[in-house]
Amino acid sequence: MIFRIRLQEATVEEDKLRKQLENSEYELQLQKNELANTHAQEKLKLVKEQQRLLQEYESRLQTVEKEKCDVAKLAAQLENKLQIQEEKMRETLTEQTKLRKQLEDTEREFCSQKNATANAHAGEKKILVEKQQQLLSAYESLQSQLKVLEQNKSNTAELMAQKDVLLSKLQDENSTYKNQIEVMKENNNEMYNKCEASMDKQNMYEKELNAKSERIQNLEAIMNAIKQRESNLINDVNRIEKKLTNEMDYAKNLETKLNNTQKELQFAQEQNDEMQKTLDRINTTSELDSIKLQQQLKTLQREKEEVLKRENTRIKVVMCTILFASLCISRSHEVVSATSGSCNNNPSHMTENYLKVARKPHVFSQIAAKRNPEQEKEAQEWIESILGKKFPAGESFDDVLKDGQVLCHLMNKLSPGSVPKVNSSGGQFKMMENINMFQKALKDYGVDDVDVFQTVDLWEKKDMAQVVTTLFALGRTTYKHAEWKGPYLGPKPSEECKRDFTEEQLRAGESVIGLQAGSNKGATQAGQSIGATRKILLGK
């Protein structure tokens, strides 16, 4: 009986143990399912993140390709504009050759007319001389005849009658000769008037030649100005190409960084796979191992979150660089459009348009609001201290700087020989040439293109605030040149303080809790035994 009771108790205990084993197996299966679900969800999240990153990368590549196409279109437009300007140059050259040919033809015609009039005048002179000689010979013959008649007068009366007849004939002949002489005089007067008219025509032709020569000189001056503008356009295009090459290199670096991030994600996936295998093995062993695995999963999740944060920061940096590149490209396009528009348009027409805009009250108020009189005064004092001369009394700041002479002398003081020639006299183009040479010297001295004002801002007083900012940028760049000992303008720019940390220092910094997370001043819960301990229930 006792043996049977013990057997029953043993069977009851075996049933209890079996039920416990079944419950433990059921709980382990539930834990396995939950881990599998969590792992599948994490896999889906990682796949979605990879797809999102790939889509963003493809969109960025498309934007870069679009920007390349836009730049190619702009280059093609610039080439077309240059071809149009070359055609205009050729047309002007053909017009010059035509004008020269017309001048040569008119000179030849004038010489031929002059020679013809001289020959006609000489021929008429010869005819008059011959007629005078004939008249003199006839007069001498008549005198001889009169002498013969006077000798024969004493002889016979018949000869007297003949003499009267002959005298009447001679008088008639003298009257006819006098009439012929008067006609010849009138002809001479007409020829003299014709010669005077031809001389007047000659003077008119000479005046026309002088006017045409002046036009040719003006055309040559315009051609030289157009050539200078073309050279400026070519320099701008070369700068844009350099910027594009730098942006392409930067895009390649971004591609390499994205490839590295993809490799890191693949490595993380491999680590996750290995951790899954280890989890499968550990689930068969014990609950303690499962707790350790949970801790490892938490650490892995933290590492994933850190990796995601780093990737997000990298993506933000890439987006910022792409935005900055797009801003630089748009700025270069505005410069190119402004320069091409200034080459194609008439300067007098442009000044009239700017004056019309400036006459509007709200535009004038906006421009005046940008100006800072304190900064202008500080810049004026800096220029006067360098040049050793003060601005003329009664003239404003912008009127003194308008022709560019003061700025060119300032640049020669800062870097001698940077502006080889300063135009002190001439028209509008000569003064604007001074401003262009000052801008070129600024860029060679080290001032950024973004800080340099445009020619219109100073010449037409469109934006004097930008002119003052360029002067302050020039004052900042003087700190970078050791040969310049002062005076300076504006604050000294900050220098880069680059620090290189090792990988061990960076990893050590990751384990440190920052002050933003709070601090308990070293207090812990060690040695406390109040109440029951914390229980970790798995599978619920």
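Which helices do the buried residues of H8 pack against? Keep that question in mind while the tour sets the scene, and remember throughout that the model on your screen is a predicted one.

**The whole chain**

Begin with everything shown as a cartoon, where the secondary structure of the protein comes to 12 helices and 0 strands. If you colour the protein by burial, buried residues make up 21% of its 540 residues. Among contacts between residues at least 6 apart in sequence, 65% join residues at least 24 apart.

**Helix H8**

Now select residues 405-414, which form helix H8. In this helix 8 of the 10 residues are buried, so H8 is largely enclosed by the rest of the structure. The buried ones are Gln405, Val406, Leu407, Cys408, Leu410, Met411, Asn412 and Leu414. To answer the opening question, these buried residues pack against helix H6 (373-387), helix H7 (397-401), H9, H10 and H11.

**H8 beside H9**

Add residues 428-445, which are helix H9, and turn the view until you can see both axes, which lie 9 Å apart at an angle of about 30°. Angles under 35 degrees count as roughly parallel, and H8 and H9 are therefore described as roughly parallel to each other. The crossing of H8 past H9 is left-handed. Show the side chains of Gln405, Leu407, Cys408, Met411 and Leu414 on H8, together with Met431, Asn434, Phe438, Ala441, Leu442 and Tyr445 on H9, since these residues make the contact. Sorted by class, the contact of H8 with H9 has 9 nonpolar residues, 2 polar ones and no charged ones.

**H6 across H11**

Next, hide H9 and display H6 with H11, whose axes come within 10 Å and cross at roughly 50°. H6 and H11 are therefore oblique to each other, and H6 passes H11 in a left-handed crossing. From H6, the contact uses Gln375, Glu376, Glu378, Ala379, Trp382 and Ile383, while H11 supplies Val468, Leu471, Phe472, Leu474 and Gly475. The residues of this contact divide into 7 nonpolar, 2 polar and 2 charged.

**Met464 and the loop before it**

Stay with H11 and select Met464, which lies in this helix of residues 464-477. Is Met464 buried or exposed? Its relative accessible area is 1%, and Met464 is therefore counted as buried. Leaving aside its neighbours within four places in sequence, Met464 is in contact with Arg371, Phe397, Asp398, Asp457 and Leu458. You can also draw a distance between the C-alpha atoms of Met464 and Asn372, which are 92 residues apart along the chain and yet separated by 9.5 Å.

Then move to Lys461, found in the loop between helix H10 (455-459) and H11. Its phi angle is near 55°, a positive value in a residue other than glycine. Lys461 is partly exposed, with a relative accessible area of 33%.

**A pair of rings**

For the last stop, turn to the aromatic side chains, among which a search of the whole structure finds 3 aromatic pairs. One pair is formed by Tyr479 and Tyr488, whose ring centres are 4.5 Å apart and whose planes lie at 10°, so the pair is stacked. With relative accessible areas of 26% for Tyr479 and 34% for Tyr488, each of these tyrosines is partly exposed.

Conventions:
Residues numbered from 1 in each chain as written. Predicted model: local features only at pLDDT ≥ 70, side-chain atom pairs only at ≥ 80, totals over all residues. Heavy atoms only, no water. Axes fitted to C-alpha atoms, helices over the stretch in contact; angles between N-to-C directions. Helix = DSSP H or I, 4+ residues; strand = E, 2+ residues; numbered from the N terminus. Parallel < 35°, antiparallel > 145°, perpendicular 65-115°, else oblique. Left-handed = near helix turned anticlockwise from the far one by under 90°. Contact = heavy atoms within 4.5 Å. Nonpolar A, V, L, I, M, F, W, Y, C, P; charged D, E, K, R; others polar. Buried < 20%, exposed > 50% of the residue type's maximum accessible area, 1.4 Å probe, protein only. Phe/Tyr/Trp six-rings, centres within 6.5 Å; stacked < 30°, edge-to-face > 60°.
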